[in-house]
Amino acid sequence: VQLQASGGGLVQPGGSLRLSCAASGSISSINTMGWHRQAPGKQRELVATVTSGGSTNYADSVKDRFTISRDNAKKTVLLQMNSLKPEDTAVYYCYADGILSRSYNRFGSWGQGTQLTVSS
């Protein structure tokens, strides 16, 4: 299973950006998709997740500013980020877990990371 993330970049404080991540491979079903981030010198932390049924979970630091959504048919997850702050600067990693199509084993995969820098 491969996860391809895109959409990072440089944005001014208060600005908006959208990250996207597409899953590919021998996938039977995807349960949870989400985003984590890692700032320099800090541990990776959860940003937001969304289940196949649409249930969402957000870190307190991004609630009311970020919105996660997914397209189950396209196996994609989006993260709309508004009112960005310098402390949102980090490498953002997408994540997915589910069931493989051939073996029916569970999988958990990470994308390669995309850099978001919030600075004036």
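**A tour from strand 10 to the core**

Select strand 10 (residues 106–110), where the side chains alternate: F107 and S109 point to one face and are buried, while R106, G108 and W110 point to the other face and are not buried. In general, side chains in a regular strand alternate between the two faces of the sheet. Bear in mind that this is a predicted model.

Next, add strand 9, which runs antiparallel to strand 10 and is joined to it by five bridges. Look for D97, which stands opposite G108 of strand 10. Then go to the turn: strand 9 and strand 10 form a hairpin with five residues between them. Y104 lies in this turn and has a positive phi of about 60°.

Stay on strand 9 (residues 90–100) and select C94, then C21 in strand 3 (residues 17–24). A disulfide joins these two, with 2.1 Å from S to S. The pair links distant parts of the chain, 73 residues apart. The link of C21 and C94 is right-handed, with 50° about the S-S bond. Both C21 and C94 are buried, and the structure holds one disulfide.

Now turn to the largest nonpolar core, which has 30 residues. Select W35, V47, F66, I68, L79, M81 and Y92, the residues with the most contacts inside this core. Elements that give two or more residues to the core include strand 1 (2–6), strand 4 (27–38), strand 5 (45–51) and strand 11 (114–118).

Finish at L79. Which residues is L79 in contact with, leaving aside its neighbours within four places in sequence? Among them are L17, L19, W35, V47, F66, I68 and Y92, and also R18 and T67.

Conventions
Residues are numbered from 1 along each chain as its sequence is written. This is a predicted model: local features need pLDDT of at least 70, side-chain atom pairs count only at pLDDT 80 or more; totals for chains, interfaces and linings use all residues. Side-chain values use heavy atoms; hydrogens and water are left out. A disulfide is a pair of cysteine sulfur atoms within 2.5 Å. Helices (H or I, at least four residues) and strands (E, at least two) are DSSP runs, numbered from the N terminus. Buried means under 20% relative accessible area, exposed over 50%, partly exposed in between (1.4 Å probe, protein chains only). A nonpolar core is a set of buried Ala, Val, Leu, Ile, Met, Phe, Trp, Tyr and Cys residues joined through side-chain atoms within 4.5 Å. Contact means heavy atoms within 4.5 Å. Two strands pair if DSSP finds at least two bridges between them.
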